[in-house]
Amino acid sequence: MRSPCINIKGCRFSNQISEAYSTGYGITTADAGFRILNYCNSAVVPCPEDSIKQCTFTNLYAGINSNNSIYSTNSLYVNDALFTNNSYGIKLNAVDNATIINSIFNIGVNKRDETLCSLEGKSASGVGIELTGCTGFAIEENTFTTNQGDYGRYLTGISIAETEA
């Protein structure tokens with residue numbers, strides 16, 4: 001059964017605890033459909049640029065974490081969001097037909113997974129968008145950057161695994 005699509009407009013999700021860097025989730029879902037959209041803080045049409053409130057995700061383990069069961073037909077739509085200094089900007093598992101467009105990903109270091117990986121002689125990667133077992137997705141006109149001090153670290157713009165797309 002398909003759940004109604006939830007609109008999330010102009011919200012700010014931020015971890016402001018310095019000792020808990022790269023922890024927490026902005027949005028985490030299971031078998032849910034939702035859209036991340038801007039909000040206009042004005043009655044003027046078209047909306048004046050200084051009145052547009054963008055959804056932002058800052059200093060989190062994952063800005064968006066969404067998992068679907070094999071029976072779910074729910075998806076997500078992200079347009080013009082800002083992801084700053086997260087270990088994962090968007091992390092999807094078995095979410096088909098996702099649309100992620102016009103967003104900015106300033107990829108952070110993945111400190112949470114770094115300890116576990118170092119025990120195995122590996123390094124953790126900060127990731128802008130990670131899709132596992134997803135099909136039918138559209139990822140278009142996004143920007144991927146990093147902080148100046150993070151050069152030489154393992155950072156990945158888009159990671160796609162276990163898909164037929």
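**Close-up 1. Strands β11 and β14 of the predicted model run parallel and are joined by five bridges.** Strand β11 covers residues 88-93 and strand β14 covers residues 126-132. Within this pairing, Ile90 stands opposite Ile129 in β14. In general, the strands of a sheet pair through backbone hydrogen bonds, in either a parallel or an antiparallel arrangement.

**Close-up 2. Strands β11 and β14 belong to an open sheet of five strands with parallel pairing.** The order of strands across this sheet is β3-β8-β11-β14-β17. Its edges are formed by β3 (25-30) and β17 (155-161), each of which pairs on one side only. From one strand to the next, the twist averages 5°.

**Close-up 3. Phe57 and Phe83 form one of the six aromatic pairs found in a search of the whole structure.** The two ring centres are 4.8 Å apart and the ring planes meet at 5°, so the pair is stacked, given that planes under 30 degrees apart are counted in that way. The pair links distant parts of the chain, since Phe57 lies in strand β7 (residues 56-58) and Phe83 in strand β10 (residues 82-86), 26 residues apart. Phe57 has 0% relative accessibility and counts as buried, and Phe83, with a relative accessible area of 1%, is buried as well. Ring pairs also link Phe57 and Phe83 into a cluster with Phe13, Phe105 and Phe144.

**Close-up 4. Tyr61 and Tyr88 are both buried and form an edge-to-face pair.** Their ring centres lie 5.4 Å apart with the planes at 70°, so the pair is edge-to-face, the cut-off for this class being over 60 degrees. This contact, too, links distant parts of the chain: Tyr61 is in the loop between β7 and β8 (62-67), whereas Tyr88 is in strand β11, 27 residues apart. The ring of Tyr88 has a further partner in Lys91, whose charged end sits over that ring, 4.2 Å from its centre.

**Close-up 5. The search of the whole structure finds one cavity of 30 Å³ or more.** About 30 Å³ of space lies in this largest cavity, and its lining is made up of Phe83, Asn86, Tyr88, Gly89, Phe105, Asn106, Ile107, Val127 and Gly128. Strands β10, β11, β13 (104-107) and β14 each supply at least two residues of the lining, with β13 giving the most, namely three residues. Among the lining residues, Phe83 and Tyr88 recur from the preceding views, Phe83 as the stacked partner of Phe57 and Tyr88 as the edge-to-face partner of Tyr61.

Key. Residues numbered from 1 in each chain as written. Predicted model: local features only at pLDDT ≥ 70, side-chain atom pairs only at ≥ 80, totals over all residues. Heavy atoms only, no water. Pairing = 2+ DSSP bridges. Helix = DSSP H or I, 4+ residues; strand = E, 2+ residues; numbered from the N terminus. Axes fitted to C-alpha atoms, helices over the stretch in contact; angles between N-to-C directions. Phe/Tyr/Trp six-rings, centres within 6.5 Å; stacked < 30°, edge-to-face > 60°. Buried < 20%, exposed > 50% of the residue type's maximum accessible area, 1.4 Å probe, protein only. Lys NZ or Arg CZ within 6 Å of the ring centre and 35° of its normal. 1 Å grid on protein atoms, 1.4 Å probe; cavity = no way out; pocket = protein on both sides within 12 Å on 5 of 7 lines; lining within 4 Å. Points joined across faces, edges and corners; volume = space filled by probe spheres on them.
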